[in-house]
Amino acid sequence: MASEAIALEKHAPRKQMVPRHILATRYLSLLLLAVLLAGVLFPLVVITLNSFKTEDEYFRSGPLSIPERFSLDNVRAVWERLDYTVKLRNSFIISITTAVAGVTISLLNAFALGIGKIKGRAFFLIFFVMAITLPQESLAYPLYYMFKEVGLYDSRWSIVIIFAVLHSAFGTYLLTSVFAAFPDEILDAAVIDGCNKVQLLLRIVVPINWPSLSVLFVFFFIWTWNEFFLPLIFLISNANQTVPLAVAMFQGQRGAAATFQSTAALLGVLPCILFFILFQRTLSKGIVAGSIK
Amino acid sequence: MSYQRSRGYVPFLIPGVVAFLAIVVGPFVANIAISFTRWRGVGTPEWIGLENYQRAFDDTAFWASFENNLRLVLAMTIIPTILGLLLAVFLFDNIHRHFGPRTTSFFRAGFYLPQIMPLIVAAIVWRWIYQPNWGILNWTLNSVGLDQFARNWLGNRETALYSIMGMMVWFQLGYPLVIFMAALQRVDPQLNEAAAIDGATWLQRVWHITVPLIRPEIYVVILTTAIHALKVFAPVYAMTRGGPGTATIVASYFSYKNFFERPNVGYGATIATLLTAIIMLLTVAFITVQVRQERRESV
């Protein structure tokens, strides 16, 4: 009898007809939200539209019209003027190297602090957490001076070294709290089996925590890709600049300002949309993890 | 077994600590030291004690920059947090329940989209929109007969900062939305239903039920976005260079200008040091309040 009542209750809402005015409200709220979303996406849509128009058409039909024919002329011209292939390569090299180095530093730190639980770990953790909030402005000039002195100014390495270290502050913090929950039994068993510390790290801790490490890798990759302030200071020559830097420096051309600038912006946005699609799952997990930890 | 564990781990910390001393601690201390000097970046810095700090307090551009940073807190923290919260609850209550998780994720991803691009690229997109001669904003105003509202958005004292703020709201909205939507999964729907039966309005339910339950996430969002607002650099660099006059100057750009354009490195270091102090104080104050609040609730 009781179970029957529960079963009925469970199915009841589905069978019930939804009154029409409530249905109408539901679809109205969906519509409202769709309009709001359209507003948010609007800037990106117009940037895309006008990247495929000629300048002539832009001034004839305005920025809101659909291109008469989708011409890739702007993309080709701006690609060349930006030296986009080189900038993409720079951004990839810098971001991947930084992410690998940053994850490695974070991993080593967190291994000592989270797994090893060495003495004074609270002090070290506070030390790293403080560094997360530090504005780059307070390091910029001494770093600039220092890298000039050692001959690494205007080198991609300068950016890689700086961001690997800066990002590893967050990485250390995140991985230490992940490792703190690592089961003691596994560690003890590995030690009894004769594992030394390096084996423990590479054969046990790294494989088991691979998901956390990959979230961190994606974070570091995207953060580095998006950086602007320090790359602006350190990467002055064209051959070393990253995509966001090149897009910011891009000046249109007389007679093609509007469409060239929208194309440059589009070329700045496109890689990020690609990353978003590629990393969406990893990221949405990570954003939440990063905020709560 | 465990009492022996901490042996032999110290070497793993050495590379990280050495790198940190070289890239963070050393430069940080050096920057503070530079802030007590007069230095043009070449030659020997001249020790002048607190003169730069005195100068900052008398400098209207300095105060203007921090005032603008505070306005950006409004655009990057307060407005997006409120809008993001309302939007998250709305998506969760209405869309998720009646149209399913796929529609919800579609909307969430859409609102989040601006967040995935570098802030500098977002600023370039909006500079294009605000362009006075052929920009889409003025073009639209002109073509619907609202010519009198068209203006040089970024070149005008009255509108420049608001134009940047508008862009920032657009850019930031997705971040609180995504965080809050994840948090809302913890909230028991029965609480809301009970309150609805008791006659609570939608806004009352958001304020009295949802907000207290997702308070940790609200704290995180407010603190991180406020820090971002205090550090903001790229949009000002790309859109206005702090102008016209000091209408859009911010602390970060002001120090950059002193470091690399004037150059007046000692003064730049002073501004950077003060900015750091403010951010650190804010962080400590915020975490203290949060911990106290949590303790009060757990009693």
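I call a residue buried when its relative accessible area is under 20%. With that settled, I opened the structure, keeping in mind that it is a predicted model.

**Entry 1: a pair of phenylalanines between the chains**

I looked up Phe228(A) and Phe233(B) and found both of them buried. Their rings make an aromatic pair of the tilted kind, with 6.2 Å from centre to centre and 35° between the planes. This pair crosses between chains: Phe228(A) sits in the loop between α11 (210-226) and α12 (229-234) of chain A, and Phe233(B) in the loop between α10 (215-231) and α11 (234-239) of chain B.

**Entry 2: aromatic pairs over all chains**

I then turned to the full count, which gives 62 aromatic pairs over all chains. One that I checked is Phe128(A) with Phe20(B): the ring centres are 4.7 Å apart and the planes stand at 85°, over the 60 degrees required, so I noted the pair as edge-to-face. Here too the chains are bridged, from helix α6 (residues 121-133) of chain A, which holds Phe128(A), to helix α1 (residues 10-34) of chain B, which holds Phe20(B). Are these two rings buried or exposed? Phe128(A) has 0% relative accessibility, so it counts as buried. Phe20(B) comes out at 1%, so it is buried as well.

**Entry 3: arginines over tyrosines**

Next I looked for charges over rings in chain B. The charged end of Arg55(B) sits over the ring of Tyr267(B), 3.9 Å from the ring centre. I also found Arg241(B) over the face of Tyr237(B), with 4.0 Å to the centre of that ring.

**Entry 4: the nonpolar cores**

Which residues touch the most other members of the largest nonpolar core? Among its 174 residues they are Phe228(A), Leu230(A), Phe234(A), Leu72(B), Phe111(B) and Met168(B). Helix α3 (residues 60-112) of chain B gives the most to this core, with 16 residues. I followed Phe111(B) further: leaving aside neighbours within four places in sequence, its contacts include Leu33(A), Leu36(A), Leu37(A) and Val40(A) from chain A, and Leu87(B), Leu173(B) and Leu177(B) from chain B. Apart from the largest core I found another, of 19 residues, including Phe62(B), Ile227(B), Ile279(B) and Phe286(B).

**Entry 5: the second largest pocket**

Last, I looked into the second largest pocket, which holds about 460 Å³ of space. Its lining has 15 residues, and those nearest its centre are Asp93(B), Arg97(B), His98(B), Glu193(B) and Arg205(B). I noted that the elements giving two or more residues to this lining are α2 (20-51) of chain A and, from chain B, α3, α8 (189-197) and α9 (202-213).

Definitions and conventions:
Residues are numbered from 1 along each chain as its sequence is written. Chains are lettered from A and ligands numbered from 1 in the order in which they are written. This is a predicted model: local features need pLDDT of at least 70, side-chain atom pairs count only at pLDDT 80 or more; totals for chains, interfaces and linings use all residues. Side-chain values use heavy atoms; hydrogens and water are left out. Rings of Phe, Tyr and Trp (its six-membered ring) pair if their centres lie within 6.5 Å; planes under 30 degrees apart count as stacked, over 60 as edge-to-face and the rest as tilted. Helices (H or I, at least four residues) and strands (E, at least two) are DSSP runs, numbered from the N terminus. Buried means under 20% relative accessible area, exposed over 50%, partly exposed in between (1.4 Å probe, protein chains only). A charge sits over a ring if NZ of Lys or CZ of Arg is within 6 Å of the ring centre and within 35 degrees of the ring normal. A nonpolar core is a set of buried Ala, Val, Leu, Ile, Met, Phe, Trp, Tyr and Cys residues joined through side-chain atoms within 4.5 Å. Contact means heavy atoms within 4.5 Å. On a 1 Å grid over the protein atoms alone, a cavity is a set of points where a 1.4 Å probe fits but cannot get out, and a pocket is an open set with protein on both sides within 12 Å along at least five of seven lines; lining residues have an atom within 4 Å of a point. Grid points are joined across faces, edges and corners, and a volume is the space filled by probe spheres set on the points.
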